[in-house]
Amino acid sequence: MNLTVNDVAHAIESAPLTTLLDVLREELEIMSPKPGCEQGGCGACTVLVDGTPQRACLTPVAALDGASITTVEGLGTPGAMSPVQQAFTHHYAAQCGYCTSGMMMAAKAYLDGGGTDDHHAIQEALAGHVCRCTGYVKIIAAVAAVARGDSFDLTVTAPSVGMVNVGGVS
Amino acid sequence: MKAVGARLPRYDGVAHATGRTVFVDDVRIPGALWVKALRSPVHRADITGLDVSKAEAMKGVRAVITWQDVPLLEYGHLSALGIPADEPLLAKDEVRYKGQPIALVAADDEDTAMAAVEAIEIDFDEKPALLDVRQAFDPDAPVIHQWGNWYPHFEAEMDRRQIRKGDIDRAFEQADVIVQGVYRPAAIEHVPVETQSCQVVPEANGRLTIYSCTQALYFSLGVVAAHLQVPLNKLKLVGGTVGGGFGGKVDTATETMCCLLAQKSGRPVRWRWTREEEFLCSSTRAPWHMEIADAVTNDGWILGRRMLTLHDSGAYARFSPYGLTKHSFHHTGAYTIPNLHFDGYVVFTNRVPTTAMRGFGVTSISFATETHMSRIADVLGLDPWEIRLKNANRIADTSPNGVSYTDPSTVSVVKALAEGIGVELSAALRAMTRDPREGDLLPEHLVAQVGSLEEVH
């Protein structure tokens, strides 16, 4: 059983039905994917499997032999953050931070797939992710900013974002 | 003054964005045991038998604890304020809510811990449960708490939080209309995305290091020390990183039990609740039952309010007496009502104990009062904005508990609300201020309640 995680090859020792989440956290000690509900409902454990966002808590590792996994650790480091990470920082899109990893991985897949700054499309892309702190306005604003190609000044946060109606009610 | 008015980055923003924030369950401690709980499967029962010997004998099980392992079994969340305790850390003779912890296991791995919980033998004599506060006062209701069905330990051993202000009978005699309403906001689960989690390391020097997701580190320190009957300097709490709390991580839910397991096994232990446990038995925002009758005049003044509140505390008191006290002080909402007759009860039921959640005690009455203000406007055929602004708290008005307001914000908030949703207020309403009442805004019924600002300075 082999997995490539953030461009590093690993031979996996966990039992075949171990979830990808447990393999990442308990065997490889890659901690950004979070156990939130462990039943596919909250999105906090989302990672990219060959570029596609997937719930690590529902995925047995046996189904992934040879796959390439990307987690937040693979996006960038504090000294060299990727655009999604910069945007989440600048736009104040994380409060407690627990849903943030999953949110960013879903955002990364959306943007890699050519996603635009359309709020409804971003909302759709993040629909399986629960945030209980900030609400979703700033998260959506961060993703939209990356889609627009904004550059980010990380020494300040963004001006407050006006309430954007993303509920489909005009 | 570089920070005031500036848009500074969060101190933890980069750590969150790079996955480097260390939450409690992210701490890696070699050899840590997994913890699982045996919980009550029923709302209410007497425990007639409890045998953990088979669980203890299982391979890989390092410790099992029951009520017998707790040095001080009962310690209340308000004990430090002198309020008597009513809740055992682990159930002893009875269970009072579904999900109440009875015994805990620490084992080499999660599967073994779960199997050991299954191996604990327990016998129950199930009893009728009380699940609705409205039935708690019925003569034939089951008595489900050692103090009776409602909390009896307010000051002077009163069994309610009571407020009397002005002359309520006269207010109701003078009223043109009595407007009544019953408001029942439901329980709300906090649903932090991080479930309750804790890790404890028994250190070589005899101290316990506690990794805690609590919102109230020093509060938890006192609670753990009390149950364990150890001085505070035997405990080191490591916290400050909370994966969502919203009040649901104020109660000390996991730390004490993990400490007992760490002591008994001599090993580090790790407990992370499942989402099912979080929904089943973590504390919630309380459900409330509020009955309001207001004495009002045809021109939109509220002369008096009679109110009954039943605050569902769940099976134990925890913070509910405090929550109800806040509620009583705010029971007129953001408005000035000169004559009051309020009775509030902390009622026990066989629901999960309720607790703090974002303004607990106050959000319930804000919901009830605002709904009621609109109901009054409907009944009288008046503008709902006008009756809010007329009755709004102003400087020198007095609160239900007799405090003179020095900085009330009702008028500015109501006007901002109107603007925010595009309602054009009349010139007269736009001219409203929070300045002390005079002229038409100081009718005879409000004169006596106006306080002296000197008194509060």
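Q: What makes up the largest nonpolar core, and which residues have the most contacts inside it?
A: The largest nonpolar core has 107 residues, and A:Val143, B:Val35, B:Val105, B:Cys258 and B:Leu261 have the most contacts inside it. Helix α5 (residues 137-148) of chain A gives the largest share of this core, nine residues. Another core lies apart from it, with 32 residues, among them B:Val179, B:Phe246, B:Val250 and B:Met373. "Nonpolar core" here means a set of buried Ala, Val, Leu, Ile, Met, Phe, Trp, Tyr and Cys residues joined through C-beta atoms within 7 Å.
This is a predicted model, in which local features need pLDDT of at least 70 and side-chain atom pairs count only at pLDDT 80 or more, while totals for chains, interfaces and linings use all residues. Residues are numbered from 1 along each chain as its sequence is written, with chains lettered from A and ligands numbered from 1 in the order in which they are written.

Q: Which residues does A:Val143 touch, not counting residues up to four places away in sequence?
A: They are A:Ala107, A:Tyr110 and A:Ile122, with residues up to four places away in sequence not counted. Touching, or contact, means that the two C-beta atoms, placed from the backbone, lie within 7 Å.

Q: Why is B:Ile47 called buried, partly exposed or exposed?
A: A residue is buried if 20 or more other C-beta atoms (placed from the backbone) lie within 10 Å of its own, exposed if 12 or fewer, and partly exposed in between. B:Ile47 has 18 C-beta neighbours inside 10 Å, so this residue counts as partly exposed. B:Ile47 sits in strand β2 of chain B and touches B:Ala91, B:Asp93, B:Glu94, B:Val95, B:Ile122 and B:Phe124, leaving out residues up to four places away in sequence.

Q: How do you know that strand β2 (residues 45-51) of chain B pairs with β4(B)?
A: Strands are DSSP runs of E with at least two residues, helices are runs of H or I with at least four, and both are numbered from the N terminus. A pair needs at least two DSSP bridges, and β2 and β4 of chain B have two, in the antiparallel sense. B:Ala45, for one, has B:Val95 in β4(B) as its bridge partner.

Q: What leaves β4 (94-95) and β6 (121-126) of chain B with one side without a neighbour in the sheet?
A: The open sheet has three strands in the order β4-β2-β6 (chain B), paired antiparallel. β4 and β6 stand at the edges with a single partner strand each, so one side of each has no neighbour in the sheet.

Q: How do you know how compact chain A is for its 170 residues?
A: Chain A has five helices and five strands. Its radius of gyration is 16 Å, close to the 15 Å from the globule rule for 170 residues, so chain A is as compact as a globular protein of that length. The radius is taken over C-alpha atoms, and the rule is 2.2 Å times the number of residues to the power 0.38. Buried residues make up 50% of chain A.

Q: What makes up the contact between chain A and chain B?
A: In chain A, 36 residues are in contact with 27 residues of chain B. The chain A side has 19 nonpolar, 13 polar and four charged residues. Ala, Val, Leu, Ile, Met, Phe, Trp, Tyr, Cys and Pro count as nonpolar, Asp, Glu, Lys and Arg as charged, and the others, Gly among them, as polar.
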